[in-house]
Structure formats: structure tokens, C-alpha cells
Amino acid sequence: MVKALRAKKGKDMKAASNKSSTHTAIKAYRQLSDEEKSIITKLHSEGKSLRAIGKQIGHHWSTVERVVHRFEAGKSLERLPGTGKSRKLSESERRRIVLMVKRNHNITAREIRTAIGREDVCLNTIMRPIHENGELKS
């Protein structure tokens, strides 16, 4: 199973390197599959080191360490809920922005930002809920 993962990863890297380009290909980030996570926990429970596991499955040892710590902390391989960047605007602020644009299509993002009292957010943050709700057809 580990050899199959390594072989698949090797084919992906060969395909990326065979492209005729003068630029160095940047490897795109992808999350570990559930299969890879279970292999990591199995190998770690057998006593293998983080670096040995990393070499065996083709990932950096710090990635292996993160999976092991997450598993040991909660006995789960899933990401914890609520992880990630929190939103700058609350749901009520987002609704208020959309309502302001519905009432006055000529209002600017700066005027909206001042009206809701959020000078700490950028204009793109103000525009995002407007675009998401389809109020501006640009």
C-alpha cells in the first residue's frame, strides 16, 4: 500500500517535470488522504520514527508529526472544527452591507465602511458580500 502511494506520487512528479518549460514547477499543496493518515498512525504505533515514516510515504517529517499529534490529542484523524482564519465581518454586518446596497445602488465601499463603523477592514472585504449576493453585476 505504501509502495503504491509512493509510485503514484512519483508518476505525478515525473509528469510535472516532463513539461517543456523554463520555469521551475512549484508543487501544489494537497491534503493528506485518509489512507495516508491511517498509514502514518499505524507505522507510528509500530515504533517507527517520524523521519522514517516521512521517507517511506514521501512527505516531510513535520507533516507526519502534525498527523501523529492530532491523532494522539483527540484520537481522530479529522481536522478540528473551527480551525482556519475567522471572518473579519460578522453575519449581521454582511447582511447590513447588502441591505445598504439594495437601498442605494450608488453608495461607495468607503461610505459603507464608514457607515458600519469598520475603518479597520479593507474595501475588498466590504465588496465581497455584495458580490456574493449578486447585487453588483460586473
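These exercises, each with a worked solution, go through a predicted model of a protein chain.

**Exercise 1. Work out which elements make up the protein chain, and how much of the chain is buried.**

Solution. Begin with the elements: the protein chain holds seven helices and zero strands, and from the N terminus on the order is therefore written α-α-α-α-α-α-α. Next, turn to burial, where buried residues account for 27% of the 138 residues. The accessible surface of the protein chain comes to about 10,400 Å², and 52% of this surface belongs to carbon and sulfur atoms. Finally, consider the contacts between residues at least 6 apart in sequence, of which 49% join residues at least 24 apart.

**Exercise 2. Find where in the protein chain the confidence is lowest and where it is highest.**

Solution. For the protein chain, the mean pLDDT is 82, and 75% of the residues reach 70 or more. Going through the helices, confidence is lowest in α1 (residues 2-17), with a mean of 54, whereas it is highest in α6, with a mean of 95. A further step is to look at residues 15-21, over which the pLDDT is below 50 and which, beyond near neighbours in sequence, have one contact in the model.

**Exercise 3. Check whether the span of helix α2 agrees or disagrees with its number of residues, and then list its buried residues.**

Solution. Helix α2 covers residues 34-45, which makes twelve residues, and at 1.5 Å a residue these should span 16 Å. The expected span is 1.5 Å times one less than the number of residues, which is why the count of twelve leads to that value. In the model the end C-alpha atoms of α2 are 17 Å apart, which agrees with the expectation. The buried residues of α2 are Glu36, Lys37, Ile39, Ile40, Thr41 and Leu43. Just after the helix comes glycine 47, which takes a positive phi of about 100°.

**Exercise 4. Decide where around helix α3 its buried residues fall, and name the exposed residues on the face turned away from them.**

Solution. First collect the buried residues of α3 (residues 50-57), which are Ile53, Gly54 and Ile57. Looking down the axis of α3, these buried residues fall within an arc of 100°, so they line one face of the helix. The face turned away from this buried side carries Arg51 and Lys55, both of which are exposed. After α3 comes glycine 58, whose phi is positive, near 85°.

**Exercise 5. Describe the surroundings of alanine 109 and arginine 113, and state whether each is buried or exposed.**

Solution. Alanine 109 lies in helix α6, and arginine 113 is found in helix α6 (residues 109-115) as well. Since buried means under 20% relative accessible area, alanine 109 counts as buried at 14%, and arginine 113 counts as buried at 16%. Leaving aside neighbours within four places in sequence, alanine 109 is in contact with Leu123, Ile126 and Met127. The C-alpha atoms of alanine 109 and leucine 123 are separated by 5.9 Å, although these residues are 14 residues apart along the chain. With neighbours within four places in sequence again set aside, arginine 113 touches Arg118, Glu119, Val121, Cys122, Leu123 and Ile126.

**Exercise 6. Say how many salt bridges the structure holds, and work out which parts of the chain are tied together by the pairs of glutamate 93 and arginine 94.**

Solution. The structure holds six salt bridges. Among them is the pair of glutamate 93 and arginine 118, whose closest N and O atoms are 3.0 Å apart. Glutamate 93 lies in helix α5 (residues 91-103) and arginine 118 in the loop between α6 and α7 (123-132), so this pair ties together parts that are 25 residues apart in sequence. Glutamate 93 is buried, with a relative accessible area of 18%, and arginine 118 counts as buried at 16%.

The next pair is arginine 94 and glutamate 132, whose side chains meet in a salt bridge of 2.3 Å, N to O. Arginine 94 lies in helix α5 and glutamate 132 in helix α7, so the parts tied together here are 38 residues apart in sequence. Arginine 94 is buried, at 10% relative accessibility, and a network of salt bridges links Glu91, Arg94 and Glu132.

As a last step, take glutamate 46, whose side chain meets that of lysine 42 in a salt bridge (3.0 Å, N to O). Glutamate 46, at 48% relative accessibility, counts as partly exposed.

Key. Residues numbered from 1 in each chain as written. Predicted model: local features only at pLDDT ≥ 70, side-chain atom pairs only at ≥ 80, totals over all residues. Heavy atoms only, no water. Buried < 20%, exposed > 50% of the residue type's maximum accessible area, 1.4 Å probe, protein only. Helix = DSSP H or I, 4+ residues; strand = E, 2+ residues; numbered from the N terminus. Arc of directions from axis to C-beta. Contact = heavy atoms within 4.5 Å. Areas by Shrake-Rupley, 256 points an atom, 1.4 Å probe, with all protein chains shown as cover. pLDDT = per-residue confidence, 0-100. Salt bridge = Lys/Arg side-chain N within 4 Å of Asp/Glu carboxyl O.
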